[in-house]
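Biologist: Please take a close look at the aromatic rings in this structure and at how they are set into their surroundings. I would like one connected account, with the confidence of the model kept in view.

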Amino acid sequence: MKLSLREKVSYGVGAVGKDMVYMLSASYVLYYFQDILGMNSIAIGIILMAARVFDAFNDPIMGVIVAKTKTKWGKFRPWLLIGTLLNAVFLYLMFAVPSQIDGGALIAYAAITYIMWGVTYTMMDIPYWSMIPAFTEGGKEREGLSAMARSCAGVGSALTVILTMKLVYALGGIGIDTAAATQTMIERNGFKWTALAVALIFVIFSLITCMNIKEKSTVEMETPTVGQMFKALLQNDQAMTVVLAIVLINSSIYTTSNLVIYFFKYDFGGTGWYDSYTLFNTFGGGIQIVAMMLFFPLLRKFLSTIKCFYVSFASAVIGYASLLLIAFGTNMDNVFVLFIPAFFIFSANGMLSVLTTVFLANTVDYGELRNNRRDESVIFSMQTFVVKLASGVAAMIAAICIQVFHISKDTEAVVAATEGANVIGLRMTMTVVPVIGLIVAIVIFAKKYILTEEKVEEISAQLKSRKAD
């Protein structure tokens, strides 16, 4: 039975809220702890990476727990709802650090809230994406649902990119004396209220998903042990290829997203850096949405998903190269010139996020054919882990950049652009490092990934024949 419009919309709405939460953490937690609270950037980087090491054990186990779950509401929705409620709480706590906490207590608070945010995000993210294979039988319907959900997730990410700093300054005056408050105090208070607003939207949107969707088909299977699960993943070479590509792609993109606010504040500089940053993000976020909803479907009329993948990579590299040329070849006194690299980078980001989800969903069928088990929760637990791993890697790279090149809240934005060595390091880190990561990803993908559209259809036919027998 085909998915109804109501089910598709409800599923997509959940993705919007989910990625609003994720992008708020991925793009702003480093800035919040380092530039606003004054924590050491290396200490923050260590916390973020330590959380990812913890996830290496937590995420796959959560995949097994989801696979074992049997309730009258299905195995996905209970965890989706529980995880959402808990994650919303920890998101707020992470961006609402009490003013009396400092020193070692601040580091401990940051570590605990961030790790628990990651644990509870896993709790709802794995069942959310695991629904895709359970909703569909493969082919165009699965690709369509994957593209729609990832597009909606991209809308959530883009909305966060566009609105976060606007909300921070709009809400920053609530409950404080703005006349006596510094900019840092306003930002700190603004992030607290912004996190609360995003958390509430997240809960409402997830409730809509839980109320209107359920898995259309279930595959009866023996629930794997943790050991069997790792074995299945290692045996699924296509899943591992996609997972590795996701790590490299997202690490590259998140490195830039972590540093772009520093780029505008301390390199682009000037008293109006905030307005330029907001305008840049508004344009980029809009392009990301257009890329997922218009550019990708348009390309798919003429190109296979794999060729679309290569086009997206080329777009990203062109964007980073043009950003580097503009940074070194102009005075950067006009934000509109930065729209050129923004167009290519954000377009690539939007299309790549859709394509990697489609590719990962295809590996579920491949794994079932090869290993005689359908482990959607296991496979998609790896997506959750690697996306968070990528954000940790990117945050560590950004933290090292900030520390090595002495970029901090003590640097005046008005004069930062004159300090050549510092901003050169910042520019190189946010452009050259991502390009290296993308090139490595495309080489690995081109050599290892074999699931063309024809191959996916062939596998789907073989599975149907096997079930019929």
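Modeller: A residue is called buried here if its relative accessible area is under 20%, and exposed if that area is over 50%, with partly exposed in between. By that cut-off Phe445 is buried, because its relative accessible area is 2%, and Tyr449 is buried too, since its value is 8%.

Before following the rings further, the setting should be stated with some care. What you see is a predicted model, with a mean pLDDT of 82 over the chain and with 87% of the residues reaching 70 or more. Confidence is highest in helix H3, residues 77-94, at a mean of 94, and lowest in helix H13, residues 413-416, at a mean of 44. Two stretches call for reserve: over residues 219-223 the pLDDT is below 50, although this stretch has 14 contacts in the model beyond near neighbours in sequence, and over residues 413-418 the pLDDT stays under 50, with 13 contacts beyond four places in sequence.

As for the fold, the chain has 15 helices and 0 strands, and 60% of its 469 residues count as buried. Of the contacts with a separation of 6 or more, 85% are between residues 24 or more positions apart. The accessible surface comes to about 18,400 Å², and 68% of it belongs to carbon and sulfur atoms.

Now to the rings themselves. A pair of aromatic rings is described by the distance of the centres and the angle of the planes. The structure holds 29 aromatic pairs. One of them joins Tyr28 and Phe191, whose ring centres are 5.9 Å apart and whose planes stand at 50 degrees, so the pair is tilted. Because Tyr28 lies in helix H1 (residues 5-36) and Phe191 in helix H6 (residues 183-212), this pair ties together parts that are 163 residues apart in sequence. Both Tyr28 and Phe191 are buried. The pair formed by Phe445 and Tyr449, by contrast, is stacked, with 4.8 Å from centre to centre and 15 degrees between the planes.

The tilted pair also belongs to a wider arrangement, for ring pairs link Tyr28, Tyr31, Tyr32, Phe33, Phe95, Phe191, Tyr262 and Tyr266 into a cluster. Within that cluster, Phe95 deserves a closer description. Phe95 is found in the loop between H3 and helix H4 (103-135), and this loop residue is buried, because its relative accessible area is 0%. Leaving aside neighbours within four places in sequence, Phe95 is in contact with Leu24, Ser25, Tyr28, Val29, Tyr32, Phe191, Lys192 and Ala195, a list that includes both partners of the tilted pair, Tyr28 and Phe191. Phe95 and Tyr114 are 19 residues apart in sequence, and their C-alpha atoms lie 9.7 Å apart in space.

Phe33, another member of the cluster, touches Gly38, Met39, Ile44, Met94, Val97 and Ala110, not counting residues up to four places away in sequence. Phe33 and Phe95 also appear in the largest nonpolar core, which has 138 residues and in which they, together with Tyr262, Phe264 and Leu338, have the most contacts. Helix H8, residues 237-268, gives the most to this core, with 18 residues.

One further ring has a charged partner: the charged end of Arg427 sits over the ring of Phe328, 5.1 Å from the centre of that ring. Phe328 falls within the span of helix H10, residues 305-329, and the same helix holds Ser312 as well as Ser322. Ser312 counts as buried because its relative accessibility is 0%, and beyond its neighbours within four places in sequence it is in contact with Ala348, Met351, Leu352 and Leu355. Ser322 also counts as buried, since its relative accessibility is 14%, and with the same neighbours left aside Ser322 is in contact with Ile340 and Pro341. Between Ser322 and Ile345, 23 residues apart in sequence, the C-alpha to C-alpha distance is 9.9 Å.

Key
Residues numbered from 1 in each chain as written. Predicted model: local features only at pLDDT ≥ 70, side-chain atom pairs only at ≥ 80, totals over all residues. Heavy atoms only, no water. Helix = DSSP H or I, 4+ residues; strand = E, 2+ residues; numbered from the N terminus. Buried < 20%, exposed > 50% of the residue type's maximum accessible area, 1.4 Å probe, protein only. Contact = heavy atoms within 4.5 Å. Areas by Shrake-Rupley, 256 points an atom, 1.4 Å probe, with all protein chains shown as cover. pLDDT = per-residue confidence, 0-100. Core = buried A, V, L, I, M, F, W, Y, C linked by side-chain atoms within 4.5 Å. Phe/Tyr/Trp six-rings, centres within 6.5 Å; stacked < 30°, edge-to-face > 60°. Lys NZ or Arg CZ within 6 Å of the ring centre and 35° of its normal.
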